[in-house]
Amino acid sequence: MKFAQALVAALVGGFVLNLAVSAHAQSTKQYATIVRIQGEARYTIGDNVWHPLLVGQTLGPGNVIQSAVNAEVDIVLGNKITKRIDPTSDKIGPAPDANVRGLISYKAVATQNVIRMKSDTVLAIDKLSASNMGADTTSDTELDLRQGNIFGSVKKLSAASTYQIKTRNGMAAIRGTTFTLSANGVLTVTDGSCLISFNGQPPQTVNAGQQFDPATGQVTTLTPEQLSSAQQTAVQTFTLLEGVISFANDKTTVYVSPTSGNPNGNNHPAWPF
């Protein structure tokens, strides 16, 4: 696609200063760890068979996550988190990785990448990897925001690292940024900057306090009210004074129907798929 090619060109010319990869680079597996769920959510391993999503699960490329209406899901991207407790029977549902263990609690430090899926959102994990270059670590993250809205807090990346999020008609390149992004391409930045390409147009830079509007194709400065609202969303997720993001294990009990596979049996509201 033209917009993808343009975005890659911009990354090479602007952000990516050194793409040389060492022959001795050591690949490190990366994970998407579910650290908080408010409401209900589900996931598929790519076969379009849906399973209840639980706190403590680790997902990877090929997985698709969906939050229900009025639900939120917090995800930490990076190294595997091992702080777990033994599962209880009422928290386990039939799934390919059913022996998941819930977190007692977890604090994502400021050097971790965090995504918060908002209500009625569908997010696919396309790429999630890292390579140890000796003096530096490069990472390659690619997400596909198919529906809804996400909030993201991304640490400062190395020059050769990439963090991209596809939307319906475009792609955003993230660099050490706090942002919100919708599937229709509305990008709001509260810290750092992002590149966005939409409908095949040349990439545009969106800096802190700015928003890209796909309806006009323009980057505009947020009004004081808009900026305040965006900052409140960021503060709710990212505690600047402590430098950590705090999550707590969801105490909601999830019951899975043995026939339908849906939480709460057949009375579960229809998902938007």
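N48 is exposed, because its relative accessibility is 58% and exposed means over 50%. The model is predicted. N48 lies in the loop that joins β3 (41-44) to β4 (50-52). Its phi is positive, at about 65 degrees, although N48 is not a glycine. Most residues other than glycine have a negative phi.

N70 repeats the theme. Phi of N70 is near 65 degrees, again a positive value in a residue other than glycine. N70 sits in the loop between β6 (64-67) and β7. At 63% relative accessibility, N70 counts as exposed.

**Overall build**

How many helices and strands does the protein have? There are two helices and 19 strands. The protein has 273 residues, and buried residues make up 47% of them. Consider the contacts with a separation of 6 or more: residues 24 or more positions apart account for 58% of these.

**The largest pocket**

The largest pocket holds about 370 Å³ of space. Its lining is made of 22 residues. Which of them lie nearest the centre of the largest pocket? They are Q30, G78, N79, S139 and K155. Three elements give two or more residues to this lining: β7 (72-78), β10 (122-132) and β11 (137-147).

G78 belongs to strand β7. G78 is buried, because its relative accessible area is 10% and buried means under 20%. Leaving aside neighbours within four places in sequence, G78 is in contact with Q30 and Y31. Q30 and G78 are both among the residues nearest the pocket centre.

K80 lies in the loop between β7 and β8 (105-109). K80 counts as partly exposed, at 47% relative accessibility. Beyond its neighbours within four places in sequence, K80 is in contact with Y31 and T58. Y31 also appears in the contacts of G78.

K127 is found in strand β10. Is K127 buried or partly exposed? K127 is partly exposed, with a relative accessible area of 40%. Its contacts, leaving aside neighbours within four places in sequence, are P61, D140, T141 and E142.

**Pairs distant in sequence**

Each of these three residues has a C-alpha to C-alpha distance to a residue far along the chain. The table lists the pairs.

| Pair | Separation in sequence | C-alpha to C-alpha distance |
|---|---|---|
| K80 and Q30 | 50 residues | 6.7 Å |
| G78 and T141 | 63 residues | 9.6 Å |
| K127 and Q30 | 97 residues | 9.4 Å |

Q30 is paired with K80 and with K127. T141 is paired with G78, and T141 is also in contact with K127.

**A buried threonine**

T177 is found in strand β14 (residues 170-182). Why does T177 count as buried? Its relative accessibility is 1%, and buried means under 20%, so T177 counts as buried.

The side chain of T177 reaches two backbone oxygens. One belongs to R175, at 2.3 Å. The other belongs to S193, at 2.8 Å. Not counting residues up to four places away in sequence, T177 touches G152, S153, V154, V189, D191, G192, S193 and C194. S193 is thus named twice: as a residue that T177 touches, and as the owner of a backbone oxygen that the T177 side chain reaches.

**Rings and charge**

Where does the charged end of R42 sit? The charged end of R42 sits over the ring of W50, 4.1 Å from the ring centre. Aromatic pairs come to a count of one. A pair of aromatic rings is described by the distance of the centres and the angle of the planes.

Notes:
Residues are numbered from 1 along each chain as its sequence is written. This is a predicted model: local features need pLDDT of at least 70, side-chain atom pairs count only at pLDDT 80 or more; totals for chains, interfaces and linings use all residues. Side-chain values use heavy atoms; hydrogens and water are left out. Rings of Phe, Tyr and Trp (its six-membered ring) pair if their centres lie within 6.5 Å; planes under 30 degrees apart count as stacked, over 60 as edge-to-face and the rest as tilted. A charge sits over a ring if NZ of Lys or CZ of Arg is within 6 Å of the ring centre and within 35 degrees of the ring normal. Helices (H or I, at least four residues) and strands (E, at least two) are DSSP runs, numbered from the N terminus. Buried means under 20% relative accessible area, exposed over 50%, partly exposed in between (1.4 Å probe, protein chains only). A polar contact is a pair of N or O atoms within 3.5 Å; within protein, one must be able to donate a hydrogen and the other to accept it, and residues adjacent in sequence count only if both atoms are side-chain atoms. Contact means heavy atoms within 4.5 Å. On a 1 Å grid over the protein atoms alone, a cavity is a set of points where a 1.4 Å probe fits but cannot get out, and a pocket is an open set with protein on both sides within 12 Å along at least five of seven lines; lining residues have an atom within 4 Å of a point. Grid points are joined across faces, edges and corners, and a volume is the space filled by probe spheres set on the points.
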